[in-house]
Amino acid sequence: MTDRDSIKNDPGKVAVLIGGSTGIGQSTAIELAKNGIGVILTYNSHRESADETIGTIESIGGKAIALKLDAGQSESFASFADSVEQELERKWGRSNFDYLVNNAGFAEMATVEETSEELFDRLIAVNLKAPFFITQKLLPI
């Protein structure tokens, strides 16, 4: 049995999808919902796309919500975890979730010579630091 097969056998579960408003994250959110999995997705600057994703999920009978999260701001992860707990109870009547998908990413094309320390720090914060510390904050849930 593949991982994809096991997800198809898990209706009623809930996934937290970090970076779920566009691209791969949006497609993942919709596929999870098609398999009966509720979705808490995050967005940073694409609120309209997050709303579109939720609309698509609801149109196929799924449940989803969107929470704003800047994966580059680790100081916000504790309050994000609190919001996840509140939304799990409000929307699904439960206190935990089943899957975490760390999909948020950040890329900006620049040569080595053009890469500023600020850009480098943002790349590290979003692409490496965020998955670890978001996971850490969500583990109790």
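Leaving out residues up to four places away in sequence, Phe97 touches Val14, Val16, Val84, Leu88, Leu138 and Ile141. The model in which these contacts are found is a predicted one, and Phe97 is a convenient place to enter it. This residue lies in the loop between α4 and β4, the latter covering residues 99-102. With a relative accessible area of 13%, Phe97 falls under the 20% limit and therefore counts as buried. A short separation along the chain need not bring a residue into this neighbourhood: Thr111 is 14 residues from Phe97 in sequence, yet their C-alpha atoms are 40 Å apart in space.

From Phe97 the view can be widened to the core around it. The largest nonpolar core has 20 residues, and those with the most contacts inside it are Val16, Ile40, Phe80, Val84, Leu88, Phe97 and Leu138. Two or more residues of this core come from each of β1 (14-18), β3 (64-68), α4 (77-92) and α5 (117-138), and the largest share, six residues, comes from α4. Apart from this core there is a second, separate one of 15 residues, which includes Ala15, Leu17, Ile37 and Ile54. As a general background to such groupings, nonpolar side chains in soluble globular proteins tend to be buried together.

Which residues does Phe80 touch, if those up to four places away in sequence are not counted? They are Val16, Ile18, Thr42, Leu67, Leu69 and Leu138. Phe80 lies in helix α4, and its relative accessible area of 4% is under the 20% limit, so Phe80 is buried. Its contact Thr42 is 38 residues away along the chain, while the C-alpha atoms of Phe80 and Thr42 are separated by 9.9 Å.

Helix α4 as a whole can now be followed from end to end. For its 16 residues, a rise of 1.5 Å a residue leads to an expected span of 22 Å, and the end C-alpha atoms are 21 Å apart, which agrees. Its buried residues are Phe77, Phe80, Ala81, Val84, Glu87, Leu88 and Trp92. Because these residues fall within an arc of 125 degrees when seen down the axis of α4, they line one face of the helix. An α-helix has 3.6 residues a turn, so residues three or four places apart point the same way. The buried residues of α4 pack against β1, β2 (38-43), β3 and α5, whereas Gln86 and Arg90, on the other side of the helix, are exposed. Just after α4 comes Gly93, which takes a positive phi of about 65 degrees.

Two further helices can be read in the same manner. In α2, the twelve residues 23-34 should span 16 Å at 1.5 Å a residue, and the distance of 17 Å between the end C-alpha atoms agrees with this. Gly25, Gln26, Ala29, Ile30, Leu32 and Ala33 are the buried residues of α2, and they line one face of the helix, because seen down its axis they fall within an arc of 160 degrees. Ile24 and Lys34, on the other side of α2, are exposed, and just after the helix Gly36 has a positive phi of about 80 degrees.

Helix α3, formed by residues 47-59, reaches 18 Å from its first C-alpha to its last, close to the 18 Å expected for 13 residues at 1.5 Å a residue. Its buried residues are Ala50, Thr53, Ile54 and Ile57, and an arc of only 95 degrees around the axis puts them on the same side of α3. What covers these buried residues includes α2, β2 and β3, while the face turned away from the buried side carries the exposed residues Glu48 and Ser59. After α3 follows Gly61, with a positive phi near 90 degrees.

The last stop concerns aromatic rings, of which a search of the whole structure finds one pair. The rings of Phe132 and Phe133 have their centres 4.8 Å apart and their planes at 80 degrees, so this pair is edge-to-face. Phe132 counts as exposed, at 52% relative accessibility, and Phe133 is partly exposed, with a relative accessible area of 31%. Elsewhere, Arg122 lies over the face of Phe106, at 5.3 Å from the ring centre.

Technical notes
Residues are numbered from 1 along each chain as its sequence is written. This is a predicted model: local features need pLDDT of at least 70, side-chain atom pairs count only at pLDDT 80 or more; totals for chains, interfaces and linings use all residues. Side-chain values use heavy atoms; hydrogens and water are left out. Helices (H or I, at least four residues) and strands (E, at least two) are DSSP runs, numbered from the N terminus. The expected span of a helix is 1.5 Å times one less than its number of residues. Buried means under 20% relative accessible area, exposed over 50%, partly exposed in between (1.4 Å probe, protein chains only). The arc is that of the directions from the helix axis to the C-beta atoms. A nonpolar core is a set of buried Ala, Val, Leu, Ile, Met, Phe, Trp, Tyr and Cys residues joined through side-chain atoms within 4.5 Å. Contact means heavy atoms within 4.5 Å. Rings of Phe, Tyr and Trp (its six-membered ring) pair if their centres lie within 6.5 Å; planes under 30 degrees apart count as stacked, over 60 as edge-to-face and the rest as tilted. A charge sits over a ring if NZ of Lys or CZ of Arg is within 6 Å of the ring centre and within 35 degrees of the ring normal.
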